[in-house]
Amino acid sequence: MKLRSFTINFYSFGFYGGLISWAARNQETLGVFELSKFSTDLGMGGVELPFDRFFGLNAIHEGLSVIEKLQDSGLAVALDLESMDVDYIETLVPYLPARDIHVIRIKMDQIGKTIYGGNRYLMDDFQGSIRRFENQLGAILPILEKFDVSVAIENHQDLHSLELVRISEQLSSSLIGITWDVGNSLAVGDTIDSFFKNAGHLIKNVHLKDYTIHHSSEGFSLDRCAFGNGVVDFKKVFKKLESHDVNMSIELGAQIPRDCHVNKDDYWRNLPVTGAEKEQFMDFIQANKSQDVAPVPLLERKLGESEMIATEVDDMRRSVANLKTLLAEADPA
């Protein structure tokens with residue numbers, strides 16, 4: 001693998017990208033062309049970006065023109081959608097094959113309170129969210145099939161690998177695949193090994209996210225870190241993915257730690273995890289839990305706007321440097 005085989009994910013920049021509200025913001029938020037320039041400057045091969053965040057339903061053609069410019073400059077472009085909007089998808093899909101885009105990353109919208117850390121018991125209606133999501137997926141199958149485009153559901157700290165497999169195989173395993181966010185696996189009782197064993201055959205897109213693990217009062221927290229500085233064994237990940245021709249983007253974790261309430265019985269209720277699998281998962285967590293104090297989240301460091309942006313940019317620079325080192329070790333020639 002070469003460095004240009006990888007892309008940079010917009011979601012790495014929660015503050016710089018404007019995903020975090022900030023009353024005193026003076027600087028422009030990160031845009032598509034700024035992201036692409038950063039990718040080029042670091043020697044990466046492209047970008048993964050939330051297309052509907054930048055380009056609404058009436059601006060799809062503008063967005064397609066932007067994609068064309070990026071591709072003409074030699075960059076790969078992978079598309080994410082923030083919302084599961086059937087009308088939007090049906091409008092967008094017909095234009096994608098001409099731009100050599102055949103996979104769209106999606107996620108399940110949640111009814112009521114949005115949860116992370118696998119804390120599904122905090123949602124208003126988790127099963128209702130799944131039913132609505134399945135109906136939405138069923139509605140877009142005809143347009144996906146007509147234009148040979150597939151969607152890849154992200155394990156967005158809500159769905160377990162076996163649930164993703166069930167949804168895909170129940171509806172269409174050729175048109176509905178998975179975006180494997182490697183770090184997110186740890187939020188729902190999956191390890192890297194169990195996720196790939198269950199769902200590896202459906203992976204169409206990959207987010208290379210790393211975390212450090214720390215003790216919390218309700219279980220453990222997943223804390224943002226640079227790629228290669230956390231608990232994920234990326235040598236193992238790349239070995240598992242060597243036969244997969246998919247986009248792989250560096251996506252750094254959110255600025256807010258993800259607290260996983262594994263000490264609560266409700267956390268495990270309805271997760272498709274056996275007792276033995278739960279034990280193996282918790283053994284992994286205990287073996288990889290840091291004895292250090294959890295890092296102070298960026299938003300609590302009382303930094304100025306420029307310093308916060310610089311910190312996120314530096315996180316990505318260090319991530320790419322770590323990726324370079326890893327690739328060099330794998331292929332010394």
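In the predicted model, strand β2 (residues 46-50) is paired with strand β3 (residues 76-80) in the parallel sense, and the pairing runs over five bridges. Within this pair, V47 has V77 in β3 as its bridge partner. The two strands belong to a barrel that eight strands close in the order β1-β2-β3-β4-β5-β6-β7-β10, with parallel pairing. From one strand to the next, the twist averages 30°. Strands of a sheet pair through backbone hydrogen bonds, in either a parallel or an antiparallel arrangement.

Helices lie against the strands of this barrel. Helix α1 (residues 32-41) lies across β1 (6-9) and β2, and its direction is at about 150° to β2. Helix α11 (residues 305-330) also packs on the sheet, where it touches β1 and β10 (247-250). The direction of α11 makes about 130° with that of β10. Strand β1 is thus met by α1 and by α11.

Contacts between helices were examined for α5 and α6. Two packed helices are described by the angle between their axes and by the distance between those axes. Helix α5 (residues 126-147) packs with helix α6 (residues 161-171) at an angle of about 35°, and the axes are 11 Å apart. The crossing of α5 and α6 is right-handed. On the α5 side the contact is made by F126, I130, F133, E134, L137 and L141, which meet E163, R166, I167, Q170 and L171 in α6. By class, seven residues of this contact are nonpolar, one is polar and three are charged.

Ionic pairs were searched for next. Side chains of opposite charge can pair when their charged atoms come close. The whole structure holds 16 salt bridges. One of the barrel's pairs joins E154 and R105, whose side chains meet in a salt bridge with an N to O distance of 2.8 Å. Because E154 lies in strand β5 (residues 150-154) and R105 in strand β4 (residues 103-106), the pair ties together parts that are 49 residues apart in sequence. Both E154 and R105 are buried.

A salt bridge within a single helix is formed by K37 and D41, with the closest N and O atoms 2.8 Å apart. Both residues lie in α1, four residues apart, which is about one turn of the helix. K37 counts as exposed because its relative accessibility is 53%, whereas E154 and R105 are buried.

In a further salt bridge, between K239 and E242, the closest N and O atoms are 3.5 Å apart. K239 is exposed, its relative accessible area being 56%, and E242 likewise counts as exposed at 57% relative accessibility. Elsewhere, R224, D314, D315 and R318 are joined into one network by salt bridges that share partners.

Among the loop residues, E300 was considered in detail. E300 is found in the loop between α10 (275-288) and α11. With a relative accessible area of 55%, E300 is exposed. The C-alpha atom of E300 is separated by 9.7 Å from that of I256, and the two residues are 44 residues apart along the chain.

Conventions. Residues numbered from 1 in each chain as written. Predicted model: local features only at pLDDT ≥ 70, side-chain atom pairs only at ≥ 80, totals over all residues. Heavy atoms only, no water. Axes fitted to C-alpha atoms, helices over the stretch in contact; angles between N-to-C directions. Left-handed = near helix turned anticlockwise from the far one by under 90°. Contact = heavy atoms within 4.5 Å. Nonpolar A, V, L, I, M, F, W, Y, C, P; charged D, E, K, R; others polar. Pairing = 2+ DSSP bridges. Salt bridge = Lys/Arg side-chain N within 4 Å of Asp/Glu carboxyl O. Buried < 20%, exposed > 50% of the residue type's maximum accessible area, 1.4 Å probe, protein only.
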